[in-house]
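User: I would like to go through the labels given to this model and the reasons behind them. Please set each value against its cut-off.

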Amino acid sequence: MTIKKGHAGTLESNDIMISVEEKLSGFGIQIELTSIVEAQFGSAIRRTLTEESLKAGFRDIFIKAVDKGALDCTIRARLQTAIERAVDAASEER
């Protein structure tokens with residue numbers, strides 16, 4: 001599976017903008033998170049992003065997330081969409 005870059009979401013209230021980029025083996029899952037609720041929910045957001053990355057089969061990925069108070073289900077959906085868009089973009093280049 002090849003991935004380029006993908007993104008999903010908005011910077012509207014109660015949403016999250018997520019960008020993903022696959023990295024070389026050994027990079028791990030690295031998350032750059034900016035959130036208006038980071039003090040309260042930052043660890044939960046990171047856990048959700050990590051779980052969804054692993055579920056999608058990505059162990060070496062950089063995720064940039066700008067959160068405006070999104071619910072867990074929205075975070076999962078945005079990450080899934082960003083990954084799908086990146087995979088689709090990589091498929092189109094072949």
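Analyst: The side chain of Ser-35 lies 3.0 Å from the backbone nitrogen of Val-37. This is a predicted model.

User: What makes the pair formed by the side chain of Ser-35 and the backbone nitrogen of Val-37 a polar contact?

Analyst: The cut-off is 3.5 Å between N or O atoms. The side chain of Ser-35 reaches the backbone nitrogen of Val-37 at 3.0 Å, within that limit, so the pair counts as a polar contact.

User: Why is Ser-35 called buried?

Analyst: Its relative accessibility is 14%, and buried means under 20%; therefore Ser-35 counts as buried. Ser-35 is in strand β3, residues 29-35. Beyond its neighbours within four places in sequence, Ser-35 is in contact with Ile-45 and Asp-67.

User: Why is Asn-14 called exposed?

Analyst: Exposed requires over 50%. Asn-14 has 52% relative accessibility, so Asn-14 counts as exposed. Asn-14 is found in the loop between β1 (5-8) and β2 (16-22).

User: What is the phi of Asn-14?

Analyst: Phi of Asn-14 is near 65°, a positive value in a residue other than glycine. Most residues other than glycine have a negative phi.

User: How do you know that the radius of gyration agrees with a compact globule?

Analyst: For 94 residues the globule value is near 12 Å, and the chain has 13 Å, which agrees. The C-alpha atoms fill a box of roughly 40 × 25 × 20 Å along the principal axes.

User: What pattern does the chain follow along the sequence?

Analyst: The pattern is β-β-β-α-β-α, with two helices and four strands in the chain.

Methods:
Residues are numbered from 1 along each chain as its sequence is written. This is a predicted model: local features need pLDDT of at least 70, side-chain atom pairs count only at pLDDT 80 or more; totals for chains, interfaces and linings use all residues. Side-chain values use heavy atoms; hydrogens and water are left out. Buried means under 20% relative accessible area, exposed over 50%, partly exposed in between (1.4 Å probe, protein chains only). A polar contact is a pair of N or O atoms within 3.5 Å; within protein, one must be able to donate a hydrogen and the other to accept it, and residues adjacent in sequence count only if both atoms are side-chain atoms. Contact means heavy atoms within 4.5 Å. The radius of gyration is taken over C-alpha atoms; the globule rule is 2.2 Å times the number of residues to the power 0.38.
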